[in-house]
Amino acid sequence: GKSLFGNGIAKKFVFRSGASFDGRGLTQQMQAHQNEDGSEIVDSPGLSDPDTRRDAAAACSQALQHAVGKRCKPVFFCKQSHFRVHPEDRTTMRLILEAAP
């Protein structure tokens with residue numbers, strides 16, 4: 001979902017995307033793409049898989065460091081239930097935004 005969304009913003013295929021049948025996702029490390037207008041899209045792994053969370057968190061940290069001094073618009077993909085964001089996603093958003101420079 002996140003990589004496909006990034007491809008849509010870029011208006012071309014720049015991030016590997018597709019179905020993940022093992023639940024780990026296809027994105028294993030931070031990836032960045034610079035658009036012709038100078039804007040940049042950064043794709044990072046998801047944090048929901050406990051087996052890959054530590055490496056994914058390192059990639060998110062790298063993405064935050066990559067953004068230092070730049071104007072950023074983070075996009076979060078969240079699960080919802082009864083029109084409410086799951087608590088673990090709220091926690092993830094809070095931790096990432098608190099860690100942002």
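The exercises below work through a predicted model, each with a stepwise solution. Residues are numbered from 1 along each chain as its sequence is written, and side-chain values use heavy atoms, with hydrogens and water left out. Because the model is predicted, local features need pLDDT of at least 70 and side-chain atom pairs count only at pLDDT 80 or more, while totals for chains, interfaces and linings use all residues.

**Exercise 1. The hairpin**

Describe how strand 1 and strand 2 are paired, and state which residues of strand 2 lie on its covered face.

Solution. Begin with the elements themselves, which are DSSP runs numbered from the N terminus (H or I of at least four residues for helices, E of at least two for strands). Strand 2 covers residues 40–43, runs antiparallel to strand 1 and is joined to strand 1 by 4 bridges; two strands count as paired if DSSP finds at least two bridges between them. Next, take the individual partners: Gln31 is bridged to Asp43, and Gln34 to Glu40. The two strands form a hairpin with 5 residues between them, and Gly38 in the turn has a positive phi of about 95°. Finally, Ile41 and Asp43 make up the covered face of strand 2, whereas Glu40 and Val42 make up the uncovered one.

**Exercise 2. The surroundings of His33**

Determine whether His33 is buried or exposed, and list what its side chain and its other atoms meet.

Solution. His33 belongs to strand 1, residues 31–34. Its relative accessible area is 14%, so His33 is buried, on a scale where buried means under 20%, exposed over 50% and partly exposed in between (1.4 Å probe, protein chains only). The side chain of His33 makes a polar contact of 3.3 Å with that of Asn35; such a contact is a pair of N or O atoms within 3.5 Å, where within protein one must be able to donate a hydrogen and the other to accept it, and residues adjacent in sequence count only if both atoms are side-chain atoms. Leaving aside residues up to four places away in sequence, His33 also touches Ala10, Lys12, Val14, Phe15, Ser39, Glu40 and Ile41, contact being heavy atoms within 4.5 Å.

**Exercise 3. The salt bridge in helix 3**

Identify the residues that form the salt bridge, and say how exposed each of them is.

Solution. Side chains of opposite charge can pair when their charged atoms come close. The rule asks for a side-chain nitrogen of Lys or Arg within 4 Å of a carboxyl oxygen of Asp or Glu, and by this rule the count comes to 1 salt bridge. The partners are Arg94 and Glu98, with an N to O distance of 3.4 Å. Both residues lie in helix 3 (residues 87–99), where they are 4 residues apart, about one turn of the helix. With a relative accessibility of 42%, Arg94 is partly exposed, whereas Glu98, at 54%, is exposed.

**Exercise 4. Positive phi outside glycine**

Locate Lys11 and His82, and give the phi and the exposure of each.

Solution. Most residues other than glycine have a negative phi. Lys11, in the loop between helix 1 (2–10) and strand 1, has a positive phi near 65° and is exposed, with a relative accessible area of 75%. His82, in the loop between strand 3 and strand 4 (84–85), has a positive phi near 55° and is likewise exposed, at 74%.
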